[in-house]
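This report describes the strand pairing and the aromatic contacts of one protein chain. The sequence and structure are shown first.

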Amino acid sequence: MNKPEIINYQGRRIFFMDFTGMREISEIEELIKQSKDYIRMQPEKSVISLTNIAGMHFNAEIKNIFSEFISGNKPYVSHGAVVGISGLQRIVYNGIMKLTGRDLRSFETLDLAKEWLISKN
């Protein structure tokens, strides 16, 4: 099971969540719980987040779980990026962004996302 981690990229700390290939709601919920526990203990607008959802299963329940997670993180995340969005995920992702009022940028690769994340501030 994947755990969230802090990665250092060019001297910047990025909170990385890797949902790659996850299919079971229980493992998705566990990674979200661990991430939520960390993010929501940080000072406001201090977290830079990076999320990989390549090949992750999506359904209405997972959409709702992610909507709550993303919305609740808003006070703590200064900016964030998502990698691995494809096909129907794009529609779900756009809906979540509208629902939560968040602007998490999507990128084709982790490297592009990291470069954008560290360029902000």
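In this predicted model, S1 and strand S2 (residues 12-18) are paired in the antiparallel sense, with five bridges between them. Within this pairing, Tyr9 is placed opposite Arg12 of S2. The two strands belong to an open sheet of five strands with mixed pairing, in the order S1-S2-S3-S4-S5. Strand S1 (5-9) and strand S5 (105-107) are its edge strands, each pairing on one side only. From one strand to the next, the twist averages 30°.

Helix H1 (residues 25-39) packs on this sheet and touches S1, S2, strand S3 (47-52) and strand S4 (77-83). The direction of H1 makes about 155° with that of S2.

Five aromatic pairs are found in a search of the whole structure. Two of them are listed below.

| Aromatic pair | Centre to centre | Angle between planes | Class |
|---|---|---|---|
| Phe15 and Tyr38 | 4.7 Å | 5° | stacked |
| Phe58 and Phe66 | 5.8 Å | 45° | tilted |

The pair of Phe15 and Tyr38 links distant parts of the chain: Phe15 lies in strand S2 and Tyr38 in helix H1, 23 residues apart. Phe15 counts as buried because its relative accessibility is 4%, whereas Tyr38, at 26% relative accessibility, counts as partly exposed.

Why is the pair of Phe58 and Phe66 tilted? The planes of the two rings stand at 45°, so the pair falls in the tilted class, which applies to planes that are neither under 30 degrees nor over 60 degrees apart. Phe66 has a relative accessible area of 6% and is therefore buried. Phe58 and Phe66 also belong, with Phe19 and Phe69, to one aromatic cluster.

Conventions: Residues are numbered from 1 along each chain as its sequence is written. This is a predicted model: local features need pLDDT of at least 70, side-chain atom pairs count only at pLDDT 80 or more; totals for chains, interfaces and linings use all residues. Side-chain values use heavy atoms; hydrogens and water are left out. Two strands pair if DSSP finds at least two bridges between them. Helices (H or I, at least four residues) and strands (E, at least two) are DSSP runs, numbered from the N terminus. Axes are lines fitted to C-alpha atoms, for helices over the stretch in contact, and angles run from 0 to 180 degrees between N-to-C directions. Contact means heavy atoms within 4.5 Å. Rings of Phe, Tyr and Trp (its six-membered ring) pair if their centres lie within 6.5 Å; planes under 30 degrees apart count as stacked, over 60 as edge-to-face and the rest as tilted. Buried means under 20% relative accessible area, exposed over 50%, partly exposed in between (1.4 Å probe, protein chains only).
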